[in-house]
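Me: I would like a close look at a single part of this protein, the residue N130 and its surroundings, followed outwards into the rest of the chain.

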Amino acid sequence: KDSMADSIFHYYQELPKYLRGYHKCSLEDVLQLAALIYRVRFEDDKSYFPNIPKMLRELVPQDLIRQLNPDDWKRSIVAYFNKHSGKTREEAKLSFLKIIYKWPTFGSAFFEVKQTTEPNFPEILLIAINKHGISLIDPKTKDILTTHPFTKISNWSSGNTYFHITIGNLVRGSKLLCETSLGYKMDDLLTSYISQMLTSMSKQRNAKGSK
């Protein structure tokens, strides 16, 4: 039962991030996921197939829609849909999550920022914050440029228009300065992930000490 409750919650949390085009994914994944999203909405009802070309924004990441023409999308999505006949809505949600769970950006909160410190990276960056740390992503290619684990982040600050982090120690560290109106959200997330990490580290230390 828990996995069902989880799947409903995570599906609706992850779907909008997927459709905004924040993850890097193959065309095969995209077609499979589109067929599953269709199934979550309409189950086995095929009467909406003719509407697929008009529904692409609800089925396919927005930056990939132009990769195929609408009729090719429809043909390919229907072919993938027919492979899973009989799947229920809930099973389709779980299958959707199983595919995206494998991606390194799964479970992230994403922030589009303008960065002013790193000449080798694009000016507009996508920052993903998840349990592995902070990843800097090229918004055009979706490639992860670098990931900073929380253990390497020594300092951070935020305001109404900015978010700054220091990676490494203060002597040899590097700074990343970002312009964003969501600095407070990034600050909150980072604070909670790092306090979680510190709590589990101190628990491990205590467990070792009491042996």
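Reply: What follows begins at N130, moves to the pocket beside this residue, and then turns to the aromatic pairs and the chain as a whole.

The model is predicted, and every value below was computed from its atoms. N130 belongs to strand β2, which covers residues 124-130. Because its relative accessibility is 3%, below the 20% that sets the limit for a buried residue, N130 counts as buried. Its partners beyond four places in sequence are P104, T105, F106, G107, S108, F150 and Y193. Of these contacts, the one with S108 can be described in more detail, since the C-alpha atoms of N130 and S108 are 4.5 Å apart in space while the two residues stand 22 residues apart in sequence. The side chain of N130 also reaches the backbone nitrogen of H132, at a distance of 2.8 Å.

N130 has a further role in the geometry, as part of a pocket lining. The largest pocket is lined by 17 residues, and N130 is among those nearest its centre, together with E14, F106, G107 and S108. F106, G107 and S108 are also in the list of residues that N130 contacts. The space in this largest pocket comes to about 330 Å³. Its lining draws at least two residues from each of α1 (2-19), β2 and α6 (183-210), and α1 gives the most, with four residues.

A second buried strand residue can be set beside N130. T166 is found in strand β6, residues 162-167, and T166 is buried, with a relative accessible area of 9%. Leaving out residues up to four places away in sequence, T166 touches K152, I153, S154, N155, S174 and K175.

Away from these strands, the aromatic side chains deserve attention, and the structure holds twelve aromatic pairs. In one of them, the ring centres of Y38 and F42 are 4.8 Å apart and the planes meet at 55 degrees, so this pair is tilted. Y38 and F42 are four residues apart in helix α2 (residues 27-42), which means that about one helical turn separates them. Both are buried, Y38 with a relative accessible area of 1% and F42 with 14%. The pair of F49 and F81, by contrast, is edge-to-face, with 5.3 Å from centre to centre and 85 degrees between the planes. Because F49 lies in the loop between α2 and α3 (56-59) and F81 in helix α4 (residues 70-83), this pair ties together parts that are 32 residues apart in sequence. F49 and F81 are each buried. The ring of F81 has another partner in R39, which lies over its face at 4.1 Å from the ring centre. In a similar arrangement, the charged end of K83 sits over the ring of Y80, 4.3 Å from its centre. Elsewhere, Y11, Y12, Y18, F96 and W103 form one aromatic cluster.

As for the whole, the protein chain has six helices and seven strands, which run from the N terminus in the order α-α-α-α-α-β-β-β-β-β-β-β-α. Its C-alpha atoms fill a box of roughly 65 × 50 × 25 Å along the principal axes. Buried residues, N130 and T166 included, make up 39% of the 211 residues. Among contacts between residues at least 6 apart in sequence, 54% join residues at least 24 apart.

How values were computed. Residues numbered from 1 in each chain as written. Predicted model: local features only at pLDDT ≥ 70, side-chain atom pairs only at ≥ 80, totals over all residues. Heavy atoms only, no water. Buried < 20%, exposed > 50% of the residue type's maximum accessible area, 1.4 Å probe, protein only. Contact = heavy atoms within 4.5 Å. Polar contact = N/O pair within 3.5 Å; in protein donor to acceptor, adjacent residues only side chain to side chain. Phe/Tyr/Trp six-rings, centres within 6.5 Å; stacked < 30°, edge-to-face > 60°. Lys NZ or Arg CZ within 6 Å of the ring centre and 35° of its normal. 1 Å grid on protein atoms, 1.4 Å probe; cavity = no way out; pocket = protein on both sides within 12 Å on 5 of 7 lines; lining within 4 Å. Points joined across faces, edges and corners; volume = space filled by probe spheres on them.
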